[in-house]
Every structure is written in structure tokens, then in C-alpha cells.
Amino acid sequence: MSRQANRGTESKKMSSELFTLTYGALVTQLCKDYENDEDVNKQLDKMGYNIGVRLIEDFLARSNVGRCHDFRETADVIAKVAFKMYLGITPSITNWSPAGDEFSLILENNPLVDFVELPDNHSSLIYSNLLCGVLRGALEMVQMAVEAKFVQDTLKGDGVTEIRMRFIRRIEDNLPAGEE
Amino acid sequence: MADAVLFEFLHTEMVAELWAHDPDPGPGGQNMNLSVLESMGFRVGQALGERLAREMLAFREELDVLKFLCKDLWLAAFQKQMDSLRTNHQGTYVLQDNSFPLLLPMAAGLQYLEEVPKFLAFTCGLLRGALCTLGIESMVTASVAALPGCKFQVVIENS
């Protein structure tokens with residue numbers, strides 16, 4: 001194996017770890033800045049939202065997916081294209097509501113939490129809450145108002161990590177005043 | 001495996017977040033925020049340094065470490081290598097990136113020069129942290145003459 005090839009794989013691994021390590025440093029800093037876990041969770045969600053509204057452009061440019069016709073297609077794209085592209089994992093989609101407006105993403109392993117342990121005094125912290133904000137922000141840019149929240153978390157001792165996605169409503173484009 | 005672009009998005013948001021609390025912090029406040037970013041970068045740089053493959057740790061001398069930062073660390077973090085490395089062979093190194101990815105979103109030119117330190121603090125810490133893990137204490141500063149190029153100055157302590 002040439003040194004060049006080794007260097008390539010090492011670089012890719014480090015690149016991925018740069019994101020997860022930086023995320024960890026961010027959560028640590030937020031825990032210092034805010035007094036309680038709820039505020040940190042809100043801040044992570046807000047930051048995730050700000051990232052999501054820009055990330056969607058990167059996603060649409062690189063993935064070539066067309067418009068989704070329903071929430072089921074959206075779920076597929078999120079799990080099989082978006083998560084794969086950005087986090088290198090493919091969550092499974094389960095627990096559809098009868099109305100087809102809610103589903104769960106099950107992550108066997110969550111790359112964000114490699115090497116992470118929650119200290120005892122942060123039991124309400126939703127460590128990966130940035131992801132919920134990202135999903136919410138990105139989908140809003142494609143005219144979908146959704147709610148995303150963690151219902152299971154391996155960091156808290158659950159067997160898997162589960163994100164519950166709920167479709168709230170379609171966001172209609174607002175026509176400029178004066179146009180019909 | 002997290003895509004590289006995620007780091008750039010996260011970094012931009014972190015910079016925005018630190019300034020959002022206090023949009024006009026004044027010189028004292030600004031320095032505190034820069035040092036927060038720098039120390040976050042430092043911790044990340046330390047951790048990254050610890051994860052190196054064994055064979056990469058066999059550096060014969062200080063210059064090898066700097067070359068490693070310019071090639072491998074930069075490639076991993078920014079998908080490109082540093083454009084040039086200069087030294088006075090007395091413990092000062094200047095690392096030059098002519099097109100630093102974290103500065104690219106700003107229009108090339110002079111309009112945003114005031115904002116630039118915010119976008120370099122984390123990376124200065126990253127370099128200092130990686131050096132620390134590799135056994136080298138240093139001071140790292142950065143400067144920009146014209147976007148999107150920048151220079152990182154590394155001064156080795158106890159040289």
C-alpha cells in the first residue's frame with residue numbers, strides 16, 4: 001500500500017472527526033454559556049435551523065433529487081440520500097402513523113456521539129439536537145413545516161437513537177402584494 | 001463519516017452565534033469571543049492530533065511536524081494543502097493559504113477585513129492544539145492582506 005493511499009484514508013477519517021469533534025466542543029461551550037439544559041437544547045435547535053436553511057441548497061445541488069410528491073418520498077430522500085451524503089449512515093424508516101404524516105428515523109449508530117458520554121448533571125441535554133434544527137430548516141426551504149424531535153437516544157441508555165418526524169403543513173409561497 | 005461541508009457550515013454558524021449574543025461587544029468583548037473560538041479550536045486540534053496513525057508520529061524534527069500540518073491536517077480539514085510554508089529556521093513559521101475555504105464565502109477584496117479575525121480564530125487554535133499534542137508549545141496568529149488568502153504565523157516557544 002503506497003503512502004499516498006494511506007494518507008488519503010487518514011485524511012478522510014480526520015475530516016469526519018473534525019466535524020464531530022467541533023460539534024462536541026460547541027456543545028461543551030454552550031453548556032458553559034447557558035445555565036440549563038433546556039436553553040442549550042433550544043440553542044442547538046436554532047443553530048441547526050440556520051444551518052439547515054443553507055444546507056438544503058448544497059443538498060439539492062449535489063443530489064439531483066427531484067421534487068417529492070408526498071411525505072413518504074420525503075422520508076426516503078432524507079434517510080437514503082441526505083443522511084448518507086452528510087453523515088455516511090442510512091437510518092431506517094419505521095412507525096408510520098395511519099394518516100401518513102408521522103414517521104421515525106432509527107439510527108443504529110449516531111456519528112455525532114462517537115466518544116461522547118453525558119455527564120450526570122446534564123440528563124436533560126439533547127446532545128444531537130442540532131440535527132432536529134437542520135431537518136426543520138432544510139424542509140422549510142422546500143415548503144414543508146415539520147417537527148423533528150428525539151424520542152430515543154443511545155447517549156441516554158436507549159438501544160437505538162430515534163428521531164420522530166411530524167408533518168405539520170405545506171408552506172404556500174406568498175405572492176407579492178398586488179399580484180393575484 | 002461526516003461530509004466535509006458540514007464542518008464549514010457549523011463553523012460559520014458558531015461564529016455567528018458568538019456574536020449574536022452581543023452584536024456590538026466593544027474591543028474587550030470581541031477579544032473574549034475570539035479567545036472562546038480559539039480555545040475551542042485548540043481542544044479540537046489536540047483531539048485530532050491524538051488520533052493520528054502511528055506511522056505519522058515518527059517526526060524526525062520540528063519542520064516535519066509543520067509540513068504534516070500543511071499537508072495532512074490541512075487536507076483533512078479543508079480538502080486542500082497549504083500553499084506555502086516558510087521559516088526562519090529559528091522557530092518562526094509562516095503558513096500561507098491563498099484561498100482559505102473558511103474565508104471564501106466573503107467577497108474577495110477588502111470590504112470584510114474587519115470581520116476576518118472571527119473566521120480565523122478557531123483555525124489558529126486548531127493549529128496550536130495539534131502542535132501541542134505533537135509535543136510543541138506555540139503561539140499561532142493569523143493575518144489577511146486580501147481575501148480569500150491568509151497567513152498563519154506559528155512561533156514555537158522555548159525554541
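**A cavity between two chains and the helices around it**

Helix 1 (3-33) of chain A and helix 1 (4-20) of chain B each supply at least two residues to the lining of the largest cavity. The model is predicted. A search of the whole structure finds one cavity of 30 Å³ or more. The space in the largest cavity is about 60 Å³.

Chain A lines the largest cavity with Leu26(A), Gln29(A), Leu30(A) and Asp33(A). Chain B adds Met14(B), Glu17(B), Leu18(B) and Met40(B). Helix 1 of chain A gives the largest share of this lining, four residues. By class, the lining has five nonpolar residues, one polar residue and two charged residues.

Helix 1 of chain B also meets helix 2 (residues 37-63) of chain A. Their axes come within 10 Å and cross at roughly 140 degrees. Angles over 145 degrees would count as roughly antiparallel. The angle therefore makes helix 2 of chain A oblique to helix 1 of chain B. The crossing of these two helices is right-handed. On the side of chain A, helix 2 makes the contact through Gln43(A), Lys46(A), Met47(A), Asn50(A), Ile51(A), Arg54(A), Leu55(A), Asp58(A) and Arg62(A). From chain B, helix 1 brings Val5(B), Leu6(B), Phe9(B), Leu10(B), Thr12(B), Glu13(B), Met14(B) and Glu17(B). By class, this contact has eight nonpolar, three polar and six charged residues. Met14(B) and Glu17(B) take part in this contact, and Met14(B) and Glu17(B) also line the largest cavity.

Within chain B, helix 1 packs against helix 4 (residues 116-133), with axes that come within 10 Å. The axes of this pair cross at roughly 120 degrees. Roughly perpendicular covers 65 to 115 degrees. Helix 1 of chain B is therefore oblique to helix 4 of chain B. This crossing, too, is right-handed. Helix 1 of chain B contributes Phe7(B), His11(B), Thr12(B), Met14(B), Val15(B) and Trp19(B). Helix 4 of chain B answers with Lys118(B), Phe119(B) and Phe122(B). By class, the contact between helix 1 and helix 4 of chain B has six nonpolar, two polar and one charged residues.

Met14(B) links these parts of the picture. Met14(B) lies in the lining of the largest cavity. Met14(B) is among the residues of helix 1 of chain B that touch helix 2 of chain A. Met14(B) is also one of the residues that meet helix 4 of chain B. Thr12(B) belongs to the contact with helix 2 of chain A and to the contact with helix 4 of chain B.

Note on methods
Residues are numbered from 1 along each chain as its sequence is written. Chains are lettered from A and ligands numbered from 1 in the order in which they are written. This is a predicted model: local features need pLDDT of at least 70, side-chain atom pairs count only at pLDDT 80 or more; totals for chains, interfaces and linings use all residues. Side-chain values use heavy atoms; hydrogens and water are left out. On a 1 Å grid over the protein atoms alone, a cavity is a set of points where a 1.4 Å probe fits but cannot get out, and a pocket is an open set with protein on both sides within 12 Å along at least five of seven lines; lining residues have an atom within 4 Å of a point. Grid points are joined across faces, edges and corners, and a volume is the space filled by probe spheres set on the points. Ala, Val, Leu, Ile, Met, Phe, Trp, Tyr, Cys and Pro count as nonpolar, Asp, Glu, Lys and Arg as charged, and the others, Gly among them, as polar. Axes are lines fitted to C-alpha atoms, for helices over the stretch in contact, and angles run from 0 to 180 degrees between N-to-C directions. Angles under 35 degrees count as roughly parallel, over 145 as roughly antiparallel, 65 to 115 as roughly perpendicular and the rest as oblique. A crossing is left-handed if the near helix is turned anticlockwise from the far one by less than a right angle, and right-handed if clockwise. Contact means heavy atoms within 4.5 Å.
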